[in-house]
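I opened this one to see how the protein meets its DNA, and to look at one pair of helices. My notes follow.

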Amino acid sequence: MDVSPLLDQLNESQRQAVSLPDDANALILAGAGSGKTRVLVQRMAWLMSMRHCSSSRLLAVTFTNKSAREMRTRIENLLSAPLHGMWVGTFHGLGHRLLRQHWQEANLPQNFQILDSDDQLRIIRRLIKAAKLDESRWPPRQVQWFINARKDAMQRSTDLSNEGDDTVEQMIRIYRQYEIECQKSGLLDFADLLFRSYQLLKNNDTIRTLYQSRFAHIMVDEFQDTNPVQYAWLKLLTGEHTSVFVVGDDDQSIYGWRGACVENIQHFERDFHPVHTVRLEQNYRSTNTILNAANALIANNQQRLGKNLWSDSGEGDLLRYYRATNELEEAGFVVDRILQHQQQGLKYEQMAILYRSNAQSRVFEENLIARRVPYRVYGGLRFFERAEIKDALSYLRLLINPQDNAAFERIINNPTRGIGQRTLDSIRNQAKMSDSSLWDAALFCVEQQTFAARAHKALQGFLQMMDRLRQHVAEKTLPDAVETLLHETGLWALYKKQLTETAQAKLENLAELVSAARQFEIEEGGLISGDEGVSEILNAFLSHAVLEAGEGQADTWDDCVQLMSLHAAKGLEFPLVFITGMEEGLFPGHRSISEPAKLEEERRLCYVGMTRAEQWLYLCCAERRRLYGNEFYARPSRFIQEVPENLIESVRLTGSVRRPITRQKTVTNSSASTQGFSSGQRVSHQKFGEGTILNAEGSGNSQRLHINFANVGNKWLMASLANLQFLP
DNA sequence: TCTATCACCATTTTT
DNA sequence: TGGTGATAGA
């Protein structure tokens, strides 16, 4: 195939990146909308067609299943042929693949299952309870966060020292117990997929060499989002003759809070030396006005490699700024504009409402519903994460692997079958005493007739049902097995007898699960056959469910306004974008204001949001906002003021006036008693010292302020009496 | 075992 | 405000 026409369509830097020498390690700093996926895809096509690299010698890694799929189809389209043997997937998906293939070497049971974060949290919660620890001192979520962060940094519990801190010491102990529990139950969490496949490669020379020599090229998308394990994993896969091609944008690093490590970009230049660095700065998405605004905003960050986006698609309209009196009015304004644009011919699906936190979506939804504008909210529970679906799948998990305590706990009395807390406690005790799984303990209790007649019968009934199910599953196809399961376990009947709307929805979801199984068998079943067939396809189905939890609600509307968090918007683009809730304390969030690194991440988030817009960009905020039941007053986000005045115009409902945005002056030591307060403002108090306003309630003389003082903690003060001084 | 009530909490999220 | 999880009582 002749690829030169493809190269012709690229700009200078893109072409340079695509046609770098085969053996070059490359770092492509690709600004928003600069065609990074295109470069990635064309590079692979170029390697295959011009350099005769076999597709099986390529490895492409992404973060989401969606981008993995997109990459695959784009290459296939480019080459007009299906791809065989090429590894394209997410870090987790590829780690999973390695571990399934080499389960013995990785010291895993063949039927190991994957935990999603919800499963993980349940296990941790149970361990904390079992250890009789105070949940307020070791909140399960924080422990979960602690464990995941440690794993992402490649630290097992045994690698950690307590640093003399009791709380940490206890966390490490829980971590230890969690590891034991997972190992016994044959369970891996998401972080394990990375960590254990990393260890597999590290400790097994044969396997490492095998893959190192297999892959001639490794391509990585969204490199700025990699965490330490992922980076180490990449390094291990890179052999003497492997070249690595990474694409990323430090300005779009918005996942630092979950372990992503932008520094990996610098590490890359050091560890993969020599590295060819190419900057892609020409943007094919937005007007210059939008780009200039975004450039000016991000220039306020200190920590960046530096990059300036430009475009040749003209200046376009000015950004618009609207400050509403409250969040209801803000929503009203946004929907007004949506309708205006729609009348001018823009489709709903070309418009997006972005916000910092998902809780903000409600007001917009209500307004959109009231005015009959179709919309879709991204985020929220996805199909395979729904409780009823996970219940059903837990039965499958327990069938495949009776050692899976997490699955056992989930379904033992669900639907209720008379196995109550007491019975369960004895089973847990028995398991502890004999160091066996809950399942084995239950078997033992039935054999030994440990329980009184009623409990005994209930438990026996459960075990017998599971035996019957195991039979069925071995004999049937996947969808039939799932359907039988739903009936045998009573899950179906449970919702059938309830007449509520939610029960109805759950029934529909369960029915959908059967079709998902059918679909899965059609798509994947052909690849699996033989004696191992049944458990193998079950395993594959369960892993698929966890790794690719599926979309949220199905699209009811074809053409609808898109509502999503700023994080969720990364990678997308829309002609018309509203960034809403741009207030100090909300965006940037109050947790980020006092920490420069966090504030810079918020600013990058804003940059991501702004660069989603192709033609029109609105920045909105409200003077007052109802949140968690009370009113917050806030001044406009500093990010609005960081947009140069000549690029933005302020909207007044009676027509628009050019630029009456009140620039916040930094008032030092002026008395503040008569001025407005807003969250995020730093103040000084005669007695309490310096602090930050968390929240303001009421106004005028009755205004009350919730202030976090560095020395004395949180206090509520009357604004009119406190005699506060503003601090810069 | 079910349900009513209360306390508590509260970015961002993919895998 | 509203959703969740724990607990008490029928």
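First, a term I need: a polar contact is a pair of N or O atoms within 3.5 Å; within protein, one must be able to donate a hydrogen and the other to accept it, and residues adjacent in sequence count only if both atoms are side-chain atoms. With that in hand, I found a polar side-chain atom of Lys129 3.1 Å from a phosphate oxygen of DNA strand C.

Ground rules before going on. This is a predicted model, where local features need pLDDT of at least 70 and side-chain atom pairs count only at pLDDT 80 or more, while totals for chains, interfaces and linings use all residues. Residues are numbered from 1 along each chain as its sequence is written, chains are lettered from A and ligands numbered from 1 in the order in which they are written, and side-chain values use heavy atoms, with hydrogens and water left out.

**DNA strand C**

I looked up what surrounds DNA strand C and got Lys129, Arg362, Tyr628 and Gly629 (near means that a heavy atom of the residue lies within 4 Å). Arg362 has a side-chain N or O atom 2.9 Å from a phosphate oxygen of this strand. Gly629 uses a polar backbone atom, 3.3 Å from a sugar or linking oxygen of DNA strand C. Of the strand's atoms within 4 Å of the protein, 47% are sugar or phosphate and the rest are in bases.

I sorted the residues by class: Ala, Val, Leu, Ile, Met, Phe, Trp, Tyr, Cys and Pro count as nonpolar, Asp, Glu, Lys and Arg as charged, and the others, Gly among them, as polar. Near DNA strand C that gives one nonpolar, one polar and two charged.

**DNA strand B**

How many residues surround DNA strand B? I get 26, and the closest are Asn65, Arg356, Asn358, Ser565 and Tyr628. Sugar and phosphate make up 50% of the atoms of DNA strand B within 4 Å of the protein. By class, the surface here has seven nonpolar, 14 polar and five charged residues.

I then checked single contacts. Ser565 puts a polar side-chain atom 2.4 Å from a phosphate oxygen of DNA strand B. Gly418 has a polar backbone atom 3.1 Å from a phosphate oxygen of the strand. His92 goes to a base instead: a side-chain N or O atom is 3.3 Å from a base oxygen of DNA strand B.

**A helix pair**

His92 turned up again among the residues of α5 that contact α11, along with Phe91, Leu94, Gly95 and Leu98 (contact means heavy atoms within 4.5 Å). From α11, I noted Gln230, Trp233 and Leu234.

Conventions
Helices (H or I, at least four residues) and strands (E, at least two) are DSSP runs, numbered from the N terminus.
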